[in-house]
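I set out to record, entry by entry, what I looked up in this structure. The entries follow the order in which I worked.

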Amino acid sequence: MAYSLDKIAVDDLFKKWGEDYLIYGPTLIKNTGRLSDTDSVRYDEVRSIDDLELNLKSDYSFKDVILPISEVLFYYNEDGMMVPKQKHNGAIIFLRSCDLHALDRLDQMFMENGKPDFYYTRLRENLKFVLIPCSKSFENCFCVSMNSNVPKNYNLTIEEIDGEYVFESKDEYFTKFFSGSKELDYTVPYVKENDIKVEHVEKINNLAITKSEMWREYDSRCIACGRCTLVCPTCTCWTMQDIHYGDNQKAGERRRVQASCMVDNFDRVAGGHVYREKNGDRMRYKALHKISDHRERYGVDMCIGCGRCDDICPEYISFSTILNKIAKESE
Amino acid sequence: MITNEYLPFSSKVLKVTKHTPMEHTYTMEFAGAKDVVPGQFFELSLPKYGEAPISVSGIGENSVDLTVRSIGVVTDELFKYEAGRHLYIRGPYGNGFIADDYKESELLVIAGGTGVSPVKAIIDYFGNHNDEVKSMSIITGFKSKDDQLFREDFKRWGKQMNVTLTFDRGDETKENIGLVTKYIPSVKVNNFDDAKAIVVGPPIMMKFAVKGLIERGYKEENIWISHERRMSCGLGKCGHCRVNSTYICLDGPVFNYTVGKDLID
């Protein structure tokens with residue numbers, strides 16, 4: 001059932017939800033965009049509907065809510081180690097369809113690849129997802145090609161229509177807040193076509209693709225800044241990092257911090273050997289992981305077609321173009 | 001409740017064996033030693049300095065050997081530790097060399113430099129269980145006599161199996177000089193259906209040693225290799241050791257060559 005509420009009523013809901021959950025959603029941050037005098041949309045805690053950016057595409061994904069960019073695994077001193085309390089005991093996350101699909105990929109990495117991850121799993125418990133539906137495609141999106149356009153596994157939807165907020169609840173927790181609210185007929189919209197389309201290749205010949213000349217373009221064009229992996233909702237790699245406190249050399253913390261296969265040192269082993277020196281080879285490593293390599297292990301592509309990597313790239317590299325080039329090379 | 005696999009546990013340094021100024025073996029107390037498989041690895045974990053993946057080079061009753069080259073922040077700090085002190089480790093991780101794969105074979109192990117560490121426990125095993133293989137040979141290479149590891153073990157192996165020890169440089173009148181590949185043609189093989197080989201070392205050495213074996217008549221499915229990658233977690237989570245759809249820490253580090261040959265970084 002769908003309900004329509006005015007802004008004052010919605011703010012009241014946020015207050016009530018806030019008593020039970022932390023609320024995360026996309027927020028507009030002025031003058032932090034890729035280019036000067038542009039804004040960016042990033043995830044942060046939201047306290048009212050005014051904090052929430054419902055109309056623009058978010059430049060960064062929701063992933064750091066459950067996979068913080070830097071996360072303390074334990075504090076240490078000469079007596080031993082202490083695991084920090086978790087950042088939240090439950091959260092409501094506002095996100096779009098593609099990101100709901102991205103969540104599956106994060107779950108695959110942290111709950112299925114080897115034993116379940118202690119830190120991820122405890123933040124993953126007790127999450128509620130509020131879908132921000134897409135009535136039309138944004139720039140650089142190719143969700144239809146990646147099968148992430150149809151939303152799934154959400155608890156609630158929110159859409160602003162003519163100054164009112166329309167909700168559809170699939171969860172008892174949320175439904176109880178709408179008793180007495182104005183009811184209406186509502187169908188959750190989703191994107192049925194993107195301008196950008198990506199061709200799928202069932203079986204990729206790794207050896208042939210690796211030898212392809214197509215990667216050489218990225219040797220110089222890609223500057224290995226790693227922004228694409230930072231904004232990617234399905235990039236999960238991280239590196240262990242120990243820091244010690246300046247005034248006590250024996251106390252400190254071990255963290256895991258987000259890492260990028262596009263950046264130097266990702267694959268450097270003791271003694272200095274590096275497996276992928278060229279930026280084009282790193283691009284290949286990343287691109288194939290996003291499609292065939294992950295699919296081989298988990299049956300789905302890792303890439304969900306949000307196009308955030310294209311939005312953020314300072315060199316205007318298009319990932320969808322790369323995927324289409326791979327398809328062409330595989331013919 | 002899910003176990004926190006990231007918390008290392010305290011382990012006592014029982015013995016330090018100094019092979020070279022750069023390479024020491026740390027015999028670490030470990031109650032679960034009987035379940036450790038040759039070729040697995042541990043994360044050596046020194047809070048403040050970080051972690052480093054280290055192969056198991058020996059398995060005792062209640063201990064594991066970790067052979068370490070002092071080459072980075074963690075390992076440099078480790079070299080300050082003497083027997084009796086405690087440090088942190090976690091593991092074991094990875095699949096390792098499964099003894100059953102090599103039983104009843106004419107087994108050849110080729111290893112170079114620190115690549116001898118991950119195969120040392122499997123050499124030990126078949127050295128002590130000579131009756132489980134038809135024959136046992138090893139070809140090991142080091143840069144020079146001064147760089148040789150496990151000198152005491154080589155004395156024992158010399159009585160248990162055919163040992164070829166070679167150096168990249170040195171005095172040709174006193175020792176074998178040359179790469180490990182030079183000695184592949186002279187390995188005695190009675191039946192190539194039974195001939196199995198393990199190859200571990202730097203990537204370039206593994207490539208040419210495997211090539212030499214195949215030219216010699218070894219079957220691809222009878223060759224095993226062990227891969228080294230930068231593993232931050234050992235748990236299949238950090239992503240550093242992924243090659244194609246394979247996570248070296250979970251699916252490896254030991255691979256049959258038919259699988260390992262298709263891994264493209």
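The entries below concern a sheet and a helix in one chain, and then the overall build of the other.

**Entry 1: the model.** I note at the outset that this is a predicted model.

**Entry 2: the sheet of chain A.** I traced the strand order and found an open sheet of eight strands in chain A, running β3-β2-β6-β7-β8-β9-β1-β10, with mixed pairing. I then looked for its edges, which are β3 (40–45) and β10 of chain A, each of them pairing on one side only. For the twist, I recorded an average turn of 30° between neighbouring strands of this sheet, with direction ignored.

**Entry 3: the neighbours of β1(A).** I examined both sides of β1(A). Strand β9 of chain A (residues 164–169) runs antiparallel to β1(A), and four bridges join the two. Within β9(A), I identified Phe167(A) as the bridge partner of Tyr3(A). Strand β10 of chain A (residues 182–184) also pairs with β1(A) in the antiparallel sense, here over three bridges. In β10(A), I found Leu184(A) as the bridge partner of Ala2(A), and Lys182(A) opposite Ser4(A).

**Entry 4: the faces of β1(A).** Which side chains of β1(A) point to one face and are buried? I went along residues 2–5 of chain A and found that the side chains alternate. Tyr3(A) and Leu5(A) share a face and are buried, whereas Ala2(A) and Ser4(A) point to the other face and are not buried. Tyr3(A) thus appears twice in my notes, as a buried residue and as the bridge partner of Phe167(A).

**Entry 5: helix α1(A).** I asked which strands helix α1 of chain A (residues 7–20) lies across. The strands are β1, β2 (22–29), β6 (91–95) and β9 of chain A. Against β2(A), I noted that the helix runs at about 130°.

**Entry 6: the build of chain B.** I turned to chain B and counted six helices and 15 strands. Along its principal axes, the C-alpha trace of chain B spans about 55 × 40 × 35 Å. I compared the radius of gyration of chain B, 18 Å, with the value near 18 Å for a compact globule of 265 residues, and the two agree.

**Entry 7: burial and contacts in chain B.** I recorded that buried residues make up 51% of the 265 residues in chain B. Among the contacts in chain B with a separation of 6 or more, 69% are between residues 24 or more positions apart.

Conventions
Residues are numbered from 1 along each chain as its sequence is written. Chains are lettered from A and ligands numbered from 1 in the order in which they are written. This is a predicted model: local features need pLDDT of at least 70, side-chain atom pairs count only at pLDDT 80 or more; totals for chains, interfaces and linings use all residues. A residue is buried if 20 or more other C-beta atoms lie within 10 Å of its own, exposed if 12 or fewer, and partly exposed in between; C-beta atoms are placed from the backbone. Two strands pair if DSSP finds at least two bridges between them. Axes are lines fitted to C-alpha atoms, for helices over the stretch in contact, and angles run from 0 to 180 degrees between N-to-C directions. Two residues are in contact if their C-beta atoms, placed from the backbone, lie within 7 Å. The radius of gyration is taken over C-alpha atoms; the globule rule is 2.2 Å times the number of residues to the power 0.38.
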